Amino acid sequence: MGTSKDVDGFSTSPRSTASVPAVRPWAVTAWVWSLTALLAGILLTVAISREQQRRVDAEQRLAFDGLAQRGFEALQTQLEACGLLSRTVQTLFMTSEEVTALEFEHIYENLRPRERFPSLLALTYADRRMMPDGEHFITTRVVPLQGNERVMGLDIARQVPNLRALRRSTATDQPALSAPFTLVQTDALGGSTEGVTLRLPVFAPGVRPDTPAERRDRLRGSLAVSFRIRDLIESAIQRESRDALRVRVSDVTDGPGQMLFDSNSQHRASASAPAFDRLLRYGGRVWQVQIQPLDYRPAGLGWRESVFWPGLLASVLLALLVWSLATTRHRALQLGLRMSHQYRESEERFRALNELLPALVLLADRKDGQISYANQAARARLGRARLGQGLAALFEDPAVHEHLVAAGGDDAGTVEVALRDAEGQRFWASLSLSPAMLDEHEQWLMVATDVSEQRQLTEMLSYQASHDGLTELFNRREFERRAELVVESVVVGGPAAALFYIDLDQFKLINDTSGHIAGDQLLIQLATLMHEQLRGGDILARLGGDEFGVLACQVGDREGASLLAERIREHIDGFVFVWEQSTYTISASIGAVMIDHPGLTLKDVMAQADTACYLAKEAGRNRVHFYSEQDDETTRRRSEMEWANRLRWAIDEGRLQLQYQEVRALDPSDGGEPRVELLLRFRDEAGRLVVPGAFIPAAERYGLMPMIDRWVIENALANFDRLHPSGDGLALATINVSGASLEDESLTELILQLLQRYRVAPQRVCFEITETVAVRNLSQVSRFIERLRDAGCRIALDDFGAGMSSFGYLKNLPVDIIKIDGSFIRDLLNDPMSHAIVRAVTDIGHQRGLQVVAEWVASEEILQALVALGVDYAQGFALHQPTVVPFQAG
């Protein structure tokens, strides 16, 4: 009742107040302690103020570093995006036998790279060509052409930095950035401009090469994206960075830096200004990026932000507090009560914060698992009813709970487990369970975070990596992975299986007439149709384009596999596709392979299925063909396909070889100047020579003879004086021309251009065609002969006499030389008919003013018989063994 309150709000009694003496003899000591506390507070305040200033300076530096880092990352991202653009175009080239100029222009229009890269000058492709003086890369594709006309036909070997980048990209199959160099394009004023190129190699279609040697051997050409270097860097750095910073970029790959870009060259930063200096490594080049602020002033603190004045005030208050502590025990008690109150407030804030945490926080007894505490998030998600059942009831799998409890929280760490919510629905959580001692009771502390969305995202990404985006079937990689498991299972005694390679027959027609949307819809419907015909354990995948694969597991034998394959084929054949106002029917060719014995590899199985599918198409389409090792046709086609693949790279790999065989004059009055016939050989991977009979049929079947003939003609004319040891004393060199090349109207123009370019006298060159080719293409051959003979070249008709109307065609073919078929020469001594034919051919040839050559001369006796018959020239192993031409002998 008779109480009073001091300034802190606590009560004091009148008696205690009256008992305080008016004069305190120890007051001087209290003043000393108060001044000491004031001095200590001021010193601490000064220290804290300095620390605050240091933090402000650090924040200013951090802001600068962040802005500089964003500019650095933007430049790095720009280069990586350029590499991704190149990689996209590389995919087109590596999935196509040949990319036309129109296709190249279309992919450029579809990608629209200049919207992303305003600094881009051109997207180019350089074709790898082997010439007498070495390897060249000639630019054959340029988009856009406007402004880049000087790039078309450019030989990359003329630009050393560009060529080095090409070599580096070939060795690594990674984007390679060139050193800065002067581009052939000019700027708006017609002056030269500095730029760089980003290059990627283009290999022949097939499995991507793994080693540098394989990449070099299979290199077909090189892609490049060219940029003006200053525009490339300037477009990558945001305007806010350019306005606030001085950005300098130098190329330091090869030693002293070469300045590439300086955004504010007139600015000179102060010595105290912060600096950002990083090395950017990309595409084999190293760029030094240096950044400084344009207008740097150390950060200062105003009196409102500085802690000095509050600290000074706090020091004064501390001195007063010390005074209070030194003067009265009562105030000490008041301070204790105040601190106790603050502690209770802090504890309440902690509890409130724990309640608001989004994570699920629980406390449970370690003995019986009863939950004693759950925060708000746990109560809302798990429900009070489920919490009342104990800790074990929260887990979907009791074994997981038992494992965590048995581990005792020592090595369990954070694990992903399935929990049940208030409605009993499952959700995934990242959970940690650790022991805790509270109020002398052993308890479990469980903290869980909902990760259901992250887990769903992971599962979705995994699904996309193994499935085709259009049909939602397995993709090729997943199909091959599962096929590999089946092959391995058969090796260890697993059940037999079958692999079907399905290729749609008329898909391109539908795609071209009704558009890609119709084609995609057809693929989706056929995927559903085929899936309905499979059994539970069978696997259906889209391998690419209009090709599908089926892995029929546990088919038992070939008969069962055949029934399944025929069922799929029949349903595809009977399917009618309706699109807008049109209807289409489609069929499929199916190649099948049994996986029923050890020794197979996935590569073998896929190759055999592809071969079988090819033969199904060759046999008339819309059928099933099973691969068999005893199938001669299959073996032959596979051999031809292998040869065709090898021949496509033979020129680039330098495996084609020219040999010469001398043609001897039989008339002693002849001048004796050497004549030769050029023969083609192939050198395999082991260095062995392969005769033409092994690879020419494959080259003719797959349309490769024009390419080979052109190589022979160009190399022979380019090295004409190095075809024979006599050098420029060679009188005549005969070059064989295939029937496929004669159908090429441009071949004659090429020959005439090469004769002029290499300054070879046409009278020293003879082109040889076989009689059967001449008979089959009489009009075309006649035009070919007339143009070359008008230019001065000579023409030989080979295998003369093998046809049924040989003499009749001599009236229509203006040739210079006839070569008697070797079968007549071989039997000359023991077959009167052969002897008579050789005599007749010789007499008629001389009457027509032609020279007569005998082939296959194998003995001296045959040679003497030919002399007696008046034959002009002879060639064969008895006279001269084929020898490598001098320019290839080294």
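**Entry 1: pairing and the model**

I begin with the term I need: two strands count as paired if DSSP finds at least two bridges between them. The model I am reading is a predicted one.

**Entry 2: the chain as a whole**

I looked up the secondary structure and found 31 helices and 35 strands in the protein chain. Of the 890 residues in the chain, 45% are buried. I then turned to contacts between residues at least 6 apart in sequence, and 63% of these join residues at least 24 apart.

**Entry 3: the sheet of four strands**

I followed an open sheet of four strands, in the order β10-β9-β12-β11, and noted that its pairing is antiparallel. Which are the edge strands? They are β10 (258-262) and β11 (276-282), and each of them pairs on one side only. From one strand to the next, the twist averages 25°.

I then looked at one pair in this sheet. Strand β11 and strand β12 (residues 285-293) are antiparallel and share seven bridges. For R281, I found the bridge partner V286 in β12. I also checked what lies across the sheet: helix α7 (residues 229-236) crosses β9 (245-251), β10 and β12, at about 45° to β10.

**Entry 4: Q69**

I located Q69 in helix α2 (residues 27-94). Is Q69 buried or exposed? Its relative accessible area is 19%, and the cut-off for buried is under 20%, so I record Q69 as buried. I left aside the neighbours within four places in sequence and found Q69 in contact with F276 and R278. Strand β11 covers 276-282, so by the numbering of the strand both of these contacts fall in β11.

**Entry 5: strands β13, β16 and β17**

I looked at strand β17 (residues 441-450), which pairs in the antiparallel sense with strand β13 (residues 360-365) over six bridges. L362 stands opposite M446 in β17. Strand β16 (residues 426-438) also pairs with β17, again antiparallel, over ten bridges. In that pair, I noted A448 in β17 as the bridge partner of L431. How many residues lie between β16 and β17 in their hairpin? There are two, and D439 in the turn has a positive phi of about 50°.

**Entry 6: the sheet of five strands**

I moved on to an open sheet of five strands, ordered β19-β20-β18-β23-β24, with mixed pairing. The edges are β19 (539-544) and β24 (624-626); each has a single partner strand, so one side of each has no neighbour in the sheet. The twist here averages 20° from one strand to the next.

β19 and strand β20 (residues 547-553) are antiparallel, with five bridges. I found I539 opposite L551 in β20. Helix α15 (residues 476-491) lies across β18 (497-504), β19, β20 and β23 (588-595), and runs at about 30° to β20.

**Entry 7: the second largest pocket**

I looked up the second largest pocket last and wrote down a volume of about 1100 Å³. Which of the 37 lining residues are the closest to its centre? They are E677, P692, N736, T770 and D798. Among the elements that give two or more residues to the lining, I noted strands β27 (675-683) and β31 (794-800), and helices α21 (692-701) and α25 (771-776). By class, I listed 18 nonpolar, nine polar and ten charged residues in the lining.

Definitions and conventions: Residues are numbered from 1 along each chain as its sequence is written. This is a predicted model: local features need pLDDT of at least 70, side-chain atom pairs count only at pLDDT 80 or more; totals for chains, interfaces and linings use all residues. Side-chain values use heavy atoms; hydrogens and water are left out. On a 1 Å grid over the protein atoms alone, a cavity is a set of points where a 1.4 Å probe fits but cannot get out, and a pocket is an open set with protein on both sides within 12 Å along at least five of seven lines; lining residues have an atom within 4 Å of a point. Grid points are joined across faces, edges and corners, and a volume is the space filled by probe spheres set on the points. Ala, Val, Leu, Ile, Met, Phe, Trp, Tyr, Cys and Pro count as nonpolar, Asp, Glu, Lys and Arg as charged, and the others, Gly among them, as polar. Axes are lines fitted to C-alpha atoms, for helices over the stretch in contact, and angles run from 0 to 180 degrees between N-to-C directions. Contact means heavy atoms within 4.5 Å. Buried means under 20% relative accessible area, exposed over 50%, partly exposed in between (1.4 Å probe, protein chains only).
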